[in-house]
Amino acid sequence: MHEMGIAEGILSSSLEAAEGAGAVRITSVFVTIGELTEVSEDALQFAWEAICPGTLAEGSVLDITMVPASSRCADCGHEWVHDRYSGAQCPSCGGWVIMLRQGREMRIDSIDIDEESDA
Amino acid sequence: MKVDIEKRILAVNDELAGSNRELFARHGVFVLDLMASPGAGKTATILATIDALRDRYAIAVIEGDIASKVDAEKVRAHGIPAVQINTGGACHLESAMIRRAVDTLDLDALDLIIIENVGNLVCPSDFDLGETAKVMILSVPEGHDKPYKYPNIFQVSEAVILNKYDTMGVFDFDEEEFREVVKSLNGQVPVFPISATKGYGVSAWAEWLAARIDAAKGEGSE
């Protein structure tokens, strides 16, 4: 259940950005998670609901975008989208030197806030 | 109103991990993050690795557990400095815990620090500690299907140790299938079959580690 630590990371960055922008409330938080991580969407939502009460993010929506993995072959330049089990070897030339281009993201993208004038 | 953040979620952990990594490089210390399930033989593998390498390298161990200090005591009884971290319920180590632990060690006097992560095949794989390499252990009784179920840990590891290899005849463990799945997850990652308590295969694993330690030292001195 490391999603609790991840949720805390999301909350602390969100609160910092919200306070800097003079927010009275955070309505949504947008994050991107790579499919190669061990982050569970359900567990992250559960952790989010557990830690937000009493903060500016109370009642906010955590919007999670899961992104698939993709890699590029260093030998032939082939690029492909893959699951966990088809990313180690190039499907085009059989090469083993592979550069992962996406799939390990754990990123907070943006937040939607209400400012004092909205309240 | 929308406010852009564009930041890694674990930015605080990752920044401190980066700082740990610089600290280890500056002192020429190789740091191994050893991950496995509870009972896979992490402590036994650490003790066997110490015995294989203690004549060549000055070694210390950081023990991560939810509670207790039994592992640190075992390592100290072996004549090796050990720091125990108790996570108090957390399922993995984080870079700040490692920093507090290494602050109690004399880094200039060390070549190798082995971190025994909390027993868990999931959570430790997503956290950068600032280590030089992550390595995992799977033990034969856990079954050859574990790479299907816990893929990430096999993908982030630079070597896979297959422990309790001497029990192969007792369990229904398909080594060929295991190696095929590991290969599909992590290309040419080396797999070292060992029996930590009986000594089988330990030297091949220890020599791989020694070569990595020497290579890191070479890079650091350039």
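Starting at the N terminus, the elements of chain A line up as α-β-α-β-β-β-β-β. The radius of gyration of chain A is 18 Å, well over the 14 Å that the globule rule gives for 119 residues, so chain A is more spread out than a compact globule. Keep in mind that this is a predicted model. Below, we look at chain A, then at where it touches chain B, and then at a few residues of chain B.

**Chain A overall**

- If you tally up the elements, chain A has 2 helices and 6 strands.
- How far does the C-alpha trace of chain A span along its principal axes? The answer is about 60 × 30 × 15 Å.
- Out of the 119 residues in chain A, 33% count as buried.
- Take the contacts in chain A with a separation of 6 or more: 73% of them are between residues 24 or more positions apart.

**The two helices of chain A**

- Two packed helices are described by the angle between their axes and the distance between the axes.
- Here the pair is helix H1 (residues 3-20) of chain A and helix H2 (residues 41-51) of chain A, whose axes come within 8 Å and cross at roughly 55°.
- An angle that is neither under 35 degrees, nor over 145, nor from 65 to 115 counts as oblique, and H1(A) and H2(A) are therefore oblique to each other.
- Is the crossing of H1(A) and H2(A) left-handed or right-handed? The crossing is right-handed.
- On the H1(A) side, the residues that meet H2(A) are Glu3(A), Met4(A), Ile6(A), Ala7(A), Glu8(A) and Leu11(A).
- Their partners in H2(A) are Ala43(A), Leu44(A), Ala47(A), Trp48(A) and Ile51(A).
- Sorted by character, the residues of this contact come out as 9 nonpolar, no polar and 2 charged.

**Where the chains meet**

- On the chain B side, 27 residues are in contact with 28 residues of chain A.
- Which elements of chain B give two or more residues to the side that touches chain A? They are strand E1 (2-8), H1, helix H6 (151-156) and helix H7 (175-186) of chain B.
- E1(B) gives the largest share of that side, with 7 residues.
- The residues on the side of chain B that touches chain A are a mix: 12 nonpolar, 8 polar and 7 charged.

**A closer look at Asn13(B)**

- You'll find Asn13(B) in helix H1 (residues 11-26) of chain B.
- Asn13(B) has 21 other C-beta atoms within 10 Å, and 20 or more is the cut-off for buried, so Asn13(B) is buried.
- Skip the neighbours within four places in sequence, and Asn13(B) is in contact with Glu94(B), Ser95(B), Phe127(B) and Asp128(B).
- Lys42(B) is 29 residues along the chain from Asn13(B), and the C-alpha atoms of the two are separated by 24 Å.

**Two residues with a positive phi**

- Most residues other than glycine have a negative phi.
- Ser68(B) is not a glycine, yet it has a positive phi of about 80°.
- Look for Ser68(B) in the loop between strand E3 (59-65) and helix H3 (70-77) of chain B.
- Ser68(B) has 11 other C-beta atoms within 10 Å, and 12 or fewer is the cut-off for exposed, so Ser68(B) is exposed.
- Lys164(B), also a residue other than glycine, has a positive phi near 60°.
- Lys164(B) lies in the loop between strand E7 (160-163) and H7 of chain B.
- Is Lys164(B) buried or exposed? Lys164(B) counts as buried, because it has 26 C-beta neighbours inside 10 Å.

Note on methods:
Residues are numbered from 1 along each chain as its sequence is written. Chains are lettered from A and ligands numbered from 1 in the order in which they are written. This is a predicted model: local features need pLDDT of at least 70, side-chain atom pairs count only at pLDDT 80 or more; totals for chains, interfaces and linings use all residues. Helices (H or I, at least four residues) and strands (E, at least two) are DSSP runs, numbered from the N terminus. The radius of gyration is taken over C-alpha atoms; the globule rule is 2.2 Å times the number of residues to the power 0.38. Two residues are in contact if their C-beta atoms, placed from the backbone, lie within 7 Å. Axes are lines fitted to C-alpha atoms, for helices over the stretch in contact, and angles run from 0 to 180 degrees between N-to-C directions. A crossing is left-handed if the near helix is turned anticlockwise from the far one by less than a right angle, and right-handed if clockwise. Ala, Val, Leu, Ile, Met, Phe, Trp, Tyr, Cys and Pro count as nonpolar, Asp, Glu, Lys and Arg as charged, and the others, Gly among them, as polar.
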